[in-house]
Amino acid sequence: ILPTVSAVETAPAMPTRATVDDEVIGEEELAKIMQVCTEIQNSLVFSKTGKDAVDFFDLTKPPRRFLKSGDLTKKGTHALLKRNTTRTIFLFKDVIVVTHLPDIRGKRKVTAVLRLPICELQDLFAEPGADVCSFQITDPSSRSVTFVAKSTKEKRQWLFDLSEAIMAHMDPYETGAHIGFAHTLVRGSVFEAAVKGLRDR
């Protein structure tokens, strides 16, 4: 008597793979990334009119890595009589989402979505009349935003994290030849001066 053999043997399940920020990851990690993106996305409110009008942006399509968030003081413009306000910054691998503080419903009004691959950073410590804890983020396709950290230590950490995120999108040959290390991305900084062979200002 021959042993009974199933006509169709079930192949072992292969783990689901996905690509996030050009990196192939597993199903479990993808689920965690999607959960974070979805939670933040569900708290955002996009306005189609007014000075804070921002086009709808879906953080989940495609899913992207969340790096950090924090509250910073946003410097007002002349049009707003230089009124300073607190903003929350959500830093992802490819975008920066700037929002108001949450309302009583936990919703956050989006004031800017900045594309990291084309963003520029500037440390404003040497600008006349500028706060030593201030720095500027500029998206050439959108706008410039000036933030003030609570301390120089906090500012340095934000500049480092933002520079690292921007550098990740740069060509490795360009990065090696012209950047050297993350801090040299920051215009007007002592790091830029050091790379150019100048003394600290």
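Guide: Buried means under 20% relative accessible area, exposed over 50%, and partly exposed in between (1.4 Å probe, protein chains only). This is a predicted model, in which local features need pLDDT of at least 70, side-chain atom pairs count only at pLDDT 80 or more, and totals for chains, interfaces and linings use all residues. Residues are numbered from 1 along each chain as its sequence is written, and side-chain values use heavy atoms, with hydrogens and water left out.

Visitor: Does cysteine 119 count as buried or exposed?

Guide: The relative accessibility of cysteine 119 is 7%. The cut-off is under 20%, so cysteine 119 counts as buried.

Visitor: How many disulfides does a search of the whole structure find?

Guide: The criterion is a pair of cysteine sulfur atoms within 2.5 Å. Cysteine 37, at 0% relative accessibility, counts as buried. For disulfides, the search of the whole structure returns zero.

Visitor: Which element gives the most to the largest nonpolar core?

Guide: A nonpolar core is a set of buried Ala, Val, Leu, Ile, Met, Phe, Trp, Tyr and Cys residues joined through side-chain atoms within 4.5 Å. The largest has 20 residues, of which Ile96, Phe135, Ile137, Phe147 and Leu162 touch the most other members. Two or more residues come from each of strands S5 (85-92), S6 (95-99), S7 (108-115), S9 (134-138) and S10 (144-148) and from helix H2 (152-167), where helices (H or I, at least four residues) and strands (E, at least two) are DSSP runs numbered from the N terminus. The most, five residues, is given by H2.

Visitor: Which residue of helix H2 (152-167) does isoleucine 96 touch?

Guide: Contact means heavy atoms within 4.5 Å. Leaving out residues up to four places away in sequence, isoleucine 96 touches Ile89, Phe90, Leu91, Ala112, Val113, Leu114, Leu116 and Ile137. The list also includes Leu162.

Visitor: Which residue in S7 is the bridge partner of threonine 99?

Guide: Two strands pair if DSSP finds at least two bridges between them. S6 and S7 meet this with five bridges, in the antiparallel sense, while strand S3 (residues 44-45) pairs with S7 in the parallel sense over two. S7 is largely enclosed by the rest of the structure, because six of its eight residues are buried. In S7, threonine 99 is matched by valine 110.

Visitor: Which residue in S6 does isoleucine 89 stand opposite?

Guide: S5 and S6 form a hairpin with two residues between them. The two strands run antiparallel and are joined by four bridges. Opposite isoleucine 89 in S6 stands valine 98.

Visitor: How many bridges pair S4 and S5?

Guide: Seven of the eight residues of S5 are buried, so S5 is largely enclosed by the rest of the structure. One bridge partner in S5 is threonine 86, matched with threonine 73. S4 and S5 pair in the antiparallel sense, and their bridges number eight.

Visitor: Is the pair of phenylalanine 66 and phenylalanine 90 stacked, edge-to-face or tilted?

Guide: Rings of Phe, Tyr and Trp (its six-membered ring) pair if their centres lie within 6.5 Å; planes under 30 degrees apart count as stacked, over 60 as edge-to-face and the rest as tilted. Phenylalanine 66 is partly exposed at 32%, whereas phenylalanine 90 is buried at 7%. Their ring centres are 6.4 Å apart and their planes stand at 50 degrees, so the pair is tilted.

Visitor: How far is the charged end of lysine 68 from the ring centre of tryptophan 158?

Guide: A charge sits over a ring if NZ of Lys or CZ of Arg is within 6 Å of the ring centre and within 35 degrees of the ring normal. Lysine 68 sits over the ring of tryptophan 158, with its charged end at a distance from the centre of 4.0 Å.
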